[in-house]
Amino acid sequence: MAEPRYPLLSLSRLRMGIDGPGVTTLIAGAGCPLQCRWCINRKLLREVTAEPVTAEVLYERVRIDDLYFRASGGGVCFGGGEALLHADFIRRFRALCPSEWLVGAETSLSVAPELVRIAAGAVDFFLVDCKDMNADIYRRYTGGDAALMKENLRLLLDAVGPERVTVRVPLIPQYSTSADQSRNVETLKGMGVTKLDCFEYVIKEE
Ligand code: SF4
């Protein structure tokens, strides 16, 4: 089988408190199955040609911050785009990097369940952007299927436990209300989610 490559868009080093514990390098990759109306990366995902890198090449580039990762309890976080599209690659990368590093993934969970299973065995923490738990709002805002996201969230919680899963619950201007956001929180708690991050999208019109 061909070695998986990651469509690297950018590396963002020395981040604190945004993409997981400690000092983190955000590894942004191309590709996403959704089409969110307020996506801040849409232009980037559409226009920038990604650089396909092997796990070895990526590891060489991020290990410059090894000391910061170890000292702070941090590591790397795969984002983008949809990180779990590259679950095979992340598994390979995890096998290369020191066990002291944390490896995170930002995901909408709008991917094939098999990719969630692979990621569950390789990723230390998941930052899930659920968008909305209501199927109509979800479809209007993302073009995707909320049922798939919910199925994958159940799968992930069963596989790794709630401690390793943070669900971001946005209030989406023009698509959801604070009442929707509160309902989403209750639904997620009912599913066993314990780490919730509620916030409101800040929209910059193009
Ligand atoms: S899931 Fe994220 S990257 Fe994909 S379209 Fe939505 S906001 Fe953009």
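Start by selecting serine 12, which you'll find in strand β1, residues 6–16. Bear in mind as you click around that this is a predicted model. Is serine 12 buried or exposed? Somewhere in between: it has 15 C-beta neighbours inside 10 Å, so it counts as partly exposed. Now show its contacts. Skipping neighbours within four places in sequence, serine 12 touches Thr25 and Leu26. For a sense of scale, add proline 162 to your selection: it sits 150 residues from serine 12 in sequence, and the two C-alpha atoms are 27 Å apart in space.

Next, select strand β5, residues 102–107. How many of its residues are buried? Six of the six, so the strand is largely enclosed by the rest of the structure. Colour the two faces separately and you'll see that both are covered. Leu102, Gly104 and Glu106 are buried on one side, while Val103, Ala105 and Thr107 are buried on the other.

Keep β5 on screen and bring in its partners. Add strand β4, residues 75–79: it runs parallel to β5, and four bridges join the two. To find one pairing, pick cysteine 77, whose bridge partner in β5 is glycine 104. Then trace the chain from β4 to β5: it goes through helix α4, residues 87–96, and this β-α-β crossover is right-handed.

Now add strand β6, residues 125–129, which also pairs with β5 in the parallel sense, over four bridges. Click on glutamate 106 and look across to leucine 127 in β6, which stands opposite. Follow the chain once again, this time from β5 through helix α5, residues 113–120, to β6; this β-α-β crossover is right-handed too.

Time for the ligand. Which residues are around the ligand? Select Cys32, Leu34, Gln35, Cys36, Cys39, Asn41, Arg42, Gly80, Gly81, Glu82 and Ser108. Colour this shell by character and you get four nonpolar, five polar and two charged residues.

For the last stop, select helix α6, residues 135–142, and highlight its buried residues: Tyr138, Tyr141 and Thr142. Look down the axis: these residues cover an arc of only 80 degrees, which puts them on the same side of α6. Show α7, residues 146–160, as well, since that helix is part of what covers the buried residues of α6. Finally, step just past α6 to glycine 143, where phi is positive, near 80 degrees.

Key: Residues are numbered from 1 along each chain as its sequence is written. This is a predicted model: local features need pLDDT of at least 70, side-chain atom pairs count only at pLDDT 80 or more; totals for chains, interfaces and linings use all residues. A residue is buried if 20 or more other C-beta atoms lie within 10 Å of its own, exposed if 12 or fewer, and partly exposed in between; C-beta atoms are placed from the backbone. Two strands pair if DSSP finds at least two bridges between them. A crossover is right-handed if, with the strands pointing away from the viewer, the path from the first strand over the helix to the second runs clockwise. A residue is near a molecule or strand if its C-beta atom, placed from the backbone, lies within 6 Å of it. Ala, Val, Leu, Ile, Met, Phe, Trp, Tyr, Cys and Pro count as nonpolar, Asp, Glu, Lys and Arg as charged, and the others, Gly among them, as polar. The arc is that of the directions from the helix axis to the C-beta atoms. Two residues are in contact if their C-beta atoms, placed from the backbone, lie within 7 Å.
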